[in-house]
Structures are given as structure tokens and as C-alpha cells.
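Student: I've got the model open and I'd like to go through its contacts. Could you walk me through them?

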Amino acid sequence: MNPSATRRRAIGIALVALVTAGALAACSSSDAKTGDAAGGTYVIWDPYPQFDDSSAWVKLLGDCGTKAGVVVKRTAFDTTDLTSKTLLAAQQGNAPDVLIVDNPVVSTLAEAGVLTSSDEIRLDTSAIDPNLLGAGQIAGKAYGIPIGANTLALYYNKSVLAAAGVDITSVKDWASLTAALAKVKAAGKKGITFSAIGTEEGSFQFLPWFWGSGADLTKLDSPEAVSALSLWTDWLKQGYAPNSVINNTQTTSWQEFATGQFAFAENGTWQRANAAKAGFGYGIIAVPARDGGTAAAPTGGEFVTVPVQKTTARYAISQKLVACLTDTDNSLATTTTLSYIAPTAAVQAKQVAAAPDLAVWVSAVKAAKGRTGDNLGTKYPKISQPLWTAVQAALSGSANPAAALSTAQAAAAAATK
Amino acid sequence: MSQRTRAADRPSVRRPGENAGAFSPRPRPVRRARSEQWAAWAFLVPVAVYLLAFFAYPLYRNVELSLRDYTVRSFVHGGAKFTGLGNYAKILKDPAFVPALTHTIVFTLVSLAFQFTIGLALAVFFARAFPLSATLRALFLVPWLLPLIVSASTWSWVLNTDSGVANAVLQQIGIPPVTWLTSPTWSLVSVIIANIWIGIPFNLVVLHSGLQSIPGQLYEAAQIDGAGGWQQFWRITFPLLRPVSAITLLLGLVYTLKVFDIIWIMTRGGPTGSSATLATWSYQLSFGNLLPAFGPGAAVGNLLILMASAAGLVYIRVQKRQYQP
Amino acid sequence: MTPRRSLLKTLIALVLTGIMLFPVYWMVNVSFTRPRDMRKAPPNWLPIGGTLDGYRSVLHDQLPYLGTSLAVGLGTVALTVAISAPAAYALAKLAPRGGGVLSFLLLMAQMIPGIIMAMGFYAGYLELGLLNTVGGLIVADSTIAVPFAVLIFTAFMRAIPDELLQAAKTDGAGVLRIFWSVVMPVSRNAVVTVSLFAFLWAWSDFVYASTLDSGGAARPITLGIYHYIGNNNQEWNAVMATAVVASLPATVLLIIAQRYVAAGVISGAVKD
């Protein structure tokens, strides 16, 4: 090949490549339309990658689509990816038609203008427990419907407690719980495991104790808050809780409990199925408040939401899809699959009728509280991060509880100013 | 070594890895003909376009993110206020900055030192064939086949304070358990150990191919002169491997500076920031929170890019001086 | 080397490999462990009373993804070599103006955080309809390997004696012809080394795969792991089993390739 031919060819390649590059760069700013969601296809994103196409959940999505006369295209994401993925897609004008997302994220997405409010698309939320809806309300507007709820409670191992001579009914407040842990340790077993990891999971697990002390998220360094963090810190110091809790996710913590060596584990509704497989007798009590009674635990679980679209014409179908996913019969099936508690009294009654041991969980969910509630909304993430940092600092011994929490309060105050 | 410095004009002893830096200035006394310049760029066009298409935009975007005050709302809908270097000022003033910078430097230097030394020792060890050597060397690469989420999780498994196998071993030889991942004293050490482990295969492979290209005669001659193994290493292997070592270290530096997944999975940069590096901090700001702070996150990321550029420039300077006649 | 000495070396090498692969063994161990024994203290050294549940679900759910991974890995290798070998030839032998700057940029390109790169690709692919395609993932994965490949190729190609190229030129060969018939054959060992890296990186990539291909049919095996990481619960034995299954075929490939690397490097070195 002669040099000029080489040159011509090279220029040709360069042109093709530049056009591609231009197209790639241009799309950052272009006004994108709703891509392949147009026509009779509706896109649903959920955070349940554990369910594949043959699962009941995906079949339900398909059926709801058929009922609404459209084809549903479902994609599952890891829950930690879903928020950034949604923000990106919304930025490109290509958000899914229906989005199922973790409840504390709802206020952030709403703030970002990604979600339509429930008034706008006329979602009926009247039957839903108000404390669950709270997580999706900011500035007087509601966004989305909880698909199901979960919360935290204390699982206990019956045989460990029996061996240590602890009567579970005697555990009523923090003092009696700590006394029970002491007895368990004396009997050569391990006390309690939980998750205090430096992520939202850590805050989620600490909140029942935080709220149970009477503390308030707007004042992290109150004496009540210090008492809650001191409780955890002392458990570690006394060896009632393992040092590994500092790095435990809730799954790791559950695996520790599943060894059968631990008397208590703070964990969620979703572990019920695993508990049944654990091979030892277990029971559940609500997390006790400091001076007795039940502490409010945070609500967990996802919301079904409808992201903003270019054309409002799509909302009618999206609304049908949401209504279908959350109607009474489907809600029962869905919450059972997910091991969640239903958000409406009617379905809860059905759940308890089918599985009487759920009664404890139903009352726990009723007593639970949204993290972004109390009108905190998008302030919550800015408070939660200093909070989990304080928990980590105190448990790892790099600061005492009071000092850790006053640092946290300063950080939170600066961030939410 | 005088023989080295003249190597460029003595093709007979040139080896792969010589002038290993792609940008080391070969003596180019004569600019070649114009047509050859055209041909050269014709060969370079695909890669230049590739760079432009796939790297320029993300880089531009990262810079742009760092110069504006992004909220989630303006991230989606645009219209973020231009704040100049505001995000940079903010992160430089942040109390987390100095520890993160220190950890980055310690993490990078210690990891590099160990990865390189161990990699080199293994490469020398495997340099001459013995039964099973090829297979065993291949097995050393297996850690690389694992997605980081798996290898990092395995390490946090091994180093778990209560149920980890590392502490079980220590206990057996009478050492009290170490709080590997859960104490501010040990967390950085733990992630460095894991990172060294992950980096060894890279160093082994590159250094091994560098070693293979040192002519065997040099060793034979040295043997005749009565040089022992240790002397051979310092007189022949080490100096002749210098160019390959330089590029290995430079690439290693670049790769280590940006490591975040190992640390993120093992400790989340904690407890209380004790194992946070600039890379994990950047990720934490942009993605580790319910409410992302894209601006400051991108600013931290760009600081890292600057640090790597500085290392690249130093490398070019050193290379230049080395090959100056 | 005396036979006894090389036997000793093999023995030492076995021990070293054992130490290096201990975490990998631990992963295998966990993949057989029953959920209740996962956090047993002290841990079981052998998967006593183990379970095959992890593997059962992997074989049931994951095998199709292996094919995707293989296609992505090989595609990445081809693309990487095709783009970087000519560039390296020009940088090493044709002394282009601005070549140094280009090399420096290549080095810097590797510093852009993967997640930022992934976000850029996501935005672009969304427009071009390349999300959830094997081709799209190949292009994205190649960005990990191309800068590295150019630097390594350049280093190796510089060592090709100018006389060799000059001789071809005197015979009337054009630049393209020299590259194809002289430079590439001599650089066989560099090609193998670069291919090895490109393949490994593509095979174990997670960031691009999870950003660009997380839905749909073009998922590589690394994403199969997400199947077992629910939002509240993770099945670690299945996760680890996925990793084991994912690394097996690649390990075999590695062992075969290693023989060629060693052979290639020696024969490719310039003899004097």
C-alpha cells in the first residue's frame, strides 16, 4: 500500500471515530426523550436482584403490565447503586416509569425533582398506615406508596437463655437487658450482636436505642443520646457484644447469631425465614426503651414511586401499575415473598391469620418511625452520617461517647444549617 | 553503568524494557521525513481518537463537577452555580483532609515497597525453570481473576476480629487477638496487607518478563569471574532491570493511588476515618451517602489526578537525565 | 541446576503458592459452608459438614453468564491489541511529533476514577442504545487496558533493532507492511503479555458491568454475584461459589497462556 492510500484510510478512520466521539459527548447535554420506554413498554426498576425472571415478584410485574395493557420491562439493581443510577437516568431525561426504592432515599429523590407527588398522579394512600407514609412526605407532599415495611427487633436464642437462667419476660428495659447479658456471659455464651458499620445500616441499627433513650435527631449530643451510645460502648467493654460489630453489616451480624452462640441479635423482619432454618428455638421481643416500654424502631422497606417523565400522558398507566402492585391481594403475595409486613391494616390482618408469629412484627411496625419523618426530609442524611461516625468513634475507643456525640452534633449542625 | 547509558546506540545489547518509559526521550537527531510523520500519526490516530472519545469527556465532566455547587436537584436539572475553586477550598479546610492525605501517602508507599520487593523476589525465584514452575507461577495470578468485591470480602472474613482465621492462628501461637478491622490502630495496616496481596501478581508478571530478557551470558560471565548469587543480583539483575522497574513502579503508583474498592469493602474507610484515603473519601462524598456531594467528591478525585501527574513528570525528568549523553 | 536443588525449589514454590493462595482457599472454604457456621469462632479450617447449596444455585442460575464473560474478555483483548499495537509502533519507531505528550496523557487517563468513567459511558450508551450489549461492555472494558497496553508495547517495540526495519525498508516495504510483517511477529511476547492483562481485567471487571450491563441478557459472570446480594440479605456461600466457578475456566486459560508467555518472552528477546 502506498503512503497516500495509508493516509487516506487513516483520515477516514479518524472521521468515523470523531463522529462517534461527538455523539458520545453531545448526549451529555442533549434533551433526551424517553428512549425505549416509548410506545407500549413501561420500565420498572427495583432493588431486588435476588429475584430472577421465574420468581413470583417478576411474574407479578408482568401480570400488572398485562392488566394495564402494556409490556413491562423490569431491571433489578443492587440497592446501593439504585440511587445514583436513578439520578443519572433522570439527568438524561430517561428515568424509569415506576421506581421501587429504599424509603430514606425517597425524600432525596423528591428534593431532586425526580419524583411526582402522589397528588399529581392521584395515588390512593388512604389505607396506608400513616407512620409508614411519613418516610415519603416532605414539605406537606407525599411521594409514593410503601410496598411493604420492615423494622428491627431483638431475636433471642431460647436455649442459650435457658442455659444462662434468663427469663425473657424479665427483660423490660436497658438495665434488665444488660443484667441478662451479664448472666449469659457468665454462662460462657455470647451476649448480643448488632451492626454498627459506618454506613446508613449502622445508623438504622442504632436508632431504636437512640430514640428509646428519649433523644432527638435534631440534638445528637443530648444526655439521652449519650446514654444510648454509652450503653453500646459498655457492652463492648464488658465483652457482652463482640468487637466485630464495628464492622458488621446486618447480614454478618445475623451470621453471628446463626452460630447459636449468641443470646440476642438486633435484626430485621426479613430474617424470619432464616431464623426458621437456624436449627434452634428462637423468639422475638421489641427493642426495649431505656426505662421500659417499647422503643420506636426505624421503618425499613421500599416505596413504589413514579418518576417524572417528559410526557405526563404516561402517568395514567404508571398509576395503574402502582395501584396493581399495591392492591390487597398482590400486597399479600409481595410482602410474603419479601418477608415484609404489609402497609395496610387489612393485609396485616391476613398476614397474621396465615402466620400468627407475625403479630409481634406487626405491632413493631406500627410503633416504628420513619427516619426522614419529623419533617427532617433531606436533612436526615446529613444527620445520619455524623451519627454513625460517632457510634464508630465511641465503639472503637477513639473518643468517649459524650465527646463523639458533641463532634457529631457540630458536624450535623454545620451541614444542615 | 556505562554500558547501560550507551545502550541506545548499541542495538546488539538492547532488550525489551530498555527505555521502558514510552515517553523516554530516545535520541532523535534527525526529524524524519514529512511522509513518515504522516504515517506515524496515521498509526496514532485510533488511540488519539480513543483517548478523546472515552477519556476526555469523563475528565471534563469531573473537572466541571468540581467547579460548581451541585445539589441533587441541580445535578438532575442543571443550573448549578459556578463556584470556581470553592469546592477545593472546602475540602482543603475539611478536618478529614490531612488524615486522608497522610493515609494515601502511607498506603501508597508501603504497598508499593512491599509489592515491588516481593514481586521482584518471586520473579528472581521463578526466573529459571524448575519442575512445575510455569504452572505455579500461573497460579500466582489467580487472585487477579476474582472480582474485587469477592477478594476484599474474603480478606475481611479472614481478618474478622472474632471469627477470623488470622486471629485463630495467632491465638494458637499464644498471641492475643488483634482488632484488625475494628480499631483505628490496625485498620490501615489491614487494608495495606490486602492491597499488597492483590498487587503482587502484577509486579511478578511484569518483572518476570523483564528478567527473561536479560541475556544469560552476562550471568555466565559473572559466574566465571566468581560472583556469588547475591553479587550477581546487585551487579547484573538490579541495574539491568531498572527501566522495567521504573515503569512497574510508576504504573503501580497510579493504580495504588486510585484504589478504593478494597478499602471501601473492608472498612468503609473507618473506623472514624482511620483507613480513609483520598480515593475512598472521594467515593464517600459522591456515593457513600444517602445525599451525594458530587462537587467536593470530584474535587478530591481531581487532586488525586494531580498527584499522579506529578509522579509522571518526575518519572520523565529522571528518565531524561538518565539518557542524556 | 542439580535435580535435588530444583526439587527443593519446587517445594519452596509450592509453599509460597500455598501462602499466596490461602485467601483463595478461604473463599473456597466459605463457598461450602452452611450459613450457621459462617461466623463460627474459631472458624472451621475445612468445610466440615459443608453444603453444596451454593454450587447448586450457581449451576442453576449462572452458567449462561460464563459465555458472556468469555466473549467480553476475548473481545477486549482483540480491541486492545488492535488499537494499542499500531500506536506503540509509531511511538517507538516513527518518532511522531507530540508522541511524548500523548504517552503522558495515556498515563493520566488511567487515573480517572472508574466510577466517573462509568458515569460518562452510561450517559453516552443510553443515547446510543448500547446499554446491555456485549459490544458496549467490550469498549468500556478496553479503556482499562489500552493505556497500559500502549505503554508496555512501546517499551517492547523499542527493543526491535532498527537494522531489521531498515532492511525491510530497503526491500521496498511500506510502513504498514513493516508493521504487519516485521514488527508484529517479533512482538509476539508483548502481544501475549498485553492480552493476558486485558483478559484478566475484563474478566474481573465489576464497575463497568454493574453500571452498563446490569439489566438484560448481556451480564457477565461477575454480576451473577448480585443475584445473591439482596438489599437486606446476602447468601455468602453462593457468592463465593460464583467466584470459584467464575475463576475456574480463567485459571485453566492462564496456566496454558503462561507457558506461552515464558516461551514467548525468551524467544522474543533480541538475541545478541
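Tutor: Sure, one definition to start: a salt bridge here is a side-chain nitrogen of Lys or Arg within 4 Å of a carboxyl oxygen of Asp or Glu. Bear in mind that this is a predicted model.

Student: How many salt bridges are there between chain A and chain C?

Tutor: Charged residues do turn up on the side of chain A that touches chain C: the split is 17 nonpolar, 15 polar and 9 charged. Still, with that 4 Å cut-off, the count between chain A and chain C is 0 salt bridges.

Student: What is the area buried between chain A and chain C?

Tutor: On the contact list, 41 residues of chain A meet 28 residues of chain C. On chain A's side, A:Leu88, A:Thr251 and A:Gln255 supply 18% of the area it buries against chain C, more than any other three residues. Carbon and sulfur atoms give 54% of the total, and that total is about 2900 Å².

Student: Now inside chain C: which three residues of domain 1 supply the most area buried against domain 2?

Tutor: The domain assignment puts domain 1 at 1-51 and domain 2 at 62-268 of chain C. Their contact takes 8 residues from domain 1 and 6 residues from domain 2, and about 540 Å² is buried between them, 79% of it from carbon and sulfur atoms. Domain 1's touching side has 5 nonpolar, 3 polar and no charged residues. The trio that supplies 69% of domain 1's buried area is C:Met27, C:Ser31 and C:Met38.

Technical notes:
Residues are numbered from 1 along each chain as its sequence is written. Chains are lettered from A and ligands numbered from 1 in the order in which they are written. This is a predicted model: local features need pLDDT of at least 70, side-chain atom pairs count only at pLDDT 80 or more; totals for chains, interfaces and linings use all residues. Side-chain values use heavy atoms; hydrogens and water are left out. Domain bounds come from an automatic or database domain assignment. Contact means heavy atoms within 4.5 Å. Buried area is the accessible area (1.4 Å probe) that two parts lose on being put together, summed over both. Ala, Val, Leu, Ile, Met, Phe, Trp, Tyr, Cys and Pro count as nonpolar, Asp, Glu, Lys and Arg as charged, and the others, Gly among them, as polar.
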